[in-house]
Amino acid sequence: MTRLIQALIAVAVSATAAFAQEDVATFGTGATPFVIRSTTDIAILEPALTAFAADHPDLAITYEQWGSNPLHANASSACDGETTPADAVFSSAVHLMVSLVNRACARPFVSDRTRALPATRRWRDEVWGVTQEPAVMIYNTDRIAPEDVPQSRFDLLDLMRDDPVTFRARIATYDIEASGLGYLFAYIDSLEATTFGSLLEGLARSDAIATCCSAEIIEGVSTGEYLFAYNVLGSYVRNAAPANVGVILPEDYTLFLSRAYMIPAKARNPVAAEQFLDFLLSERGQAMLASVGLLYATDPDELRTVQSARRSIPLAPPLLVALDGSTERQFLERWTDAFSAAPVP
């Protein structure tokens, strides 16, 4: 285990002790416990959980909602035998999930439905990408005229450069030191985008706000506290955004994330975890996920537009580079330099 992963665990375990899970809900009235720990909001996954519980009346399902870094810390601790494991772990911070699989913290499983997944959405038959969600840009439709809406990162750079007064301290994105998902998006951007260095400089000049959470960013854009936000997970926008929040899938490229599902090696009820995975990957389960925005671009015209610019984040060992100690340290230094002058939101 790298020094970085050890440091992440130490910090996140401390946070976990203070905050534990963010929320918890129960489904079903059976006698057999089935524990799911996930970064997905309870309200978003509730229809699927309710349907699965109805199909399996023997189960008493406990669904715990966590932040991505504390969830990784908890799963790591469970892998080491230091805390009670979940039966399933489901996270948007897919690089952290790949690191758990790499540490032999996962239990293998194969079914017809897992075999049908493309190679980018499964690795070693131990982690599976269940959803397909874009990283989008959002804006306040009441405050930004249609002709000024940027359609790409190049347009966003022009917008910040041409109107610095209007957008000063009015652009938001994830704080990559607090959000595992935010770190992943920013790291992949640094590999994919020729604009990344210029984008960081532009955000720094604009006194951009780095903050923790999708809901906070979306609300801030809606109220006008922020006029624009970058790299927000599209599923949360579809579920939570008011009518005055517009969505942009960048034309230069759009990152697509598949939330990662893992069955811990020490799960107490792995059979239920396997059944739930197969349910989520079934036609019925995928339709439920699509209905809450976790499968994007169901409209044929929209899908054709997205396909040419689509960049899937694969569940694969290269994601481990993002967790290399030297890489992470240098990347966070670049980020801190860019945002150090930004005011506290």
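Leaving aside neighbours within four places in sequence, S214 is in contact with two residues, Y174 and Y236. This serine lies in helix α10, which covers residues 214-223, and because its relative accessibility is 11%, under the 20% limit, S214 counts as buried. The model in which these contacts are seen is a predicted one, and every value in the paragraphs below was computed from it.

Just before S214 in the numbering stand two cysteines, C212 and C213, which form a disulfide with their sulfur atoms 2.1 Å apart. A disulfide is a covalent bond between the sulfur atoms of two cysteines. The torsion about the S-S bond of C212 and C213 is -90°, and this link is left-handed. Whereas S214 is buried, C212 is partly exposed, with a relative accessible area of 34%, and C213 is likewise partly exposed, with a relative accessible area of 34%.

How many disulfides does the count come to? The count comes to two, and the other bond joins C79 to C105, with a distance from S to S of 2.1 Å. Here the link runs between distant parts of the chain, since C79 sits in helix α3 while C105 sits in the loop between α4 (94-102) and α5 (112-115), and the two cysteines are 26 residues apart. The torsion about the S-S bond of C79 and C105 is about -90°, so this disulfide is left-handed. Both C79 and C105 are buried. If the bonded cysteines of the protein chain are numbered in sequence order, the pairing reads 1-2, 3-4.

The cysteines C79 and C105 lead on to the empty spaces inside the protein, for both of them are among the residues that line the second largest cavity. This cavity has a volume of about 50 Å³, and its lining also includes R37, N74, A75, A78, M262 and P264. Helix α3, residues 68-79, gives the largest share of that lining, namely four residues. Sorted by class, the lining of the second largest cavity has nine nonpolar residues, one polar residue and one charged residue.

In the whole structure there are three cavities of 30 Å³ or more, and the largest has a volume of about 110 Å³. Which residues are the closest to its centre? Of the 14 residues that line the largest cavity, these are T173, A186, Y230, N231 and W335. Two strands, β8 (171-174) and β10 (228-233), and two helices, α8 (180-192) and α9 (196-205), are the elements that give two or more residues to this lining. By class, the lining of the largest cavity has ten nonpolar, three polar and one charged residues.

From the cavities we can turn to the side chains that pack against one another. The largest nonpolar core holds 111 residues, and within it F34, I138 and Y261 touch the most other members. Helix α2, residues 42-55, supplies the largest share of this core, eight residues. F34 gives a picture of such packing: not counting residues up to four places away in sequence, this phenylalanine touches, among others, F52, L59, A60 and I61. Further along the chain, the residues that F34 touches include D87 and A88, then Y261, and also N269, A272, A273 and F276. The contact between F34 and Y261 thus brings together two of the residues that touch the most other members of the core.

Notes:
Residues are numbered from 1 along each chain as its sequence is written. This is a predicted model: local features need pLDDT of at least 70, side-chain atom pairs count only at pLDDT 80 or more; totals for chains, interfaces and linings use all residues. Side-chain values use heavy atoms; hydrogens and water are left out. On a 1 Å grid over the protein atoms alone, a cavity is a set of points where a 1.4 Å probe fits but cannot get out, and a pocket is an open set with protein on both sides within 12 Å along at least five of seven lines; lining residues have an atom within 4 Å of a point. Grid points are joined across faces, edges and corners, and a volume is the space filled by probe spheres set on the points. Ala, Val, Leu, Ile, Met, Phe, Trp, Tyr, Cys and Pro count as nonpolar, Asp, Glu, Lys and Arg as charged, and the others, Gly among them, as polar. A nonpolar core is a set of buried Ala, Val, Leu, Ile, Met, Phe, Trp, Tyr and Cys residues joined through side-chain atoms within 4.5 Å. Buried means under 20% relative accessible area, exposed over 50%, partly exposed in between (1.4 Å probe, protein chains only). Contact means heavy atoms within 4.5 Å. A disulfide is a pair of cysteine sulfur atoms within 2.5 Å.
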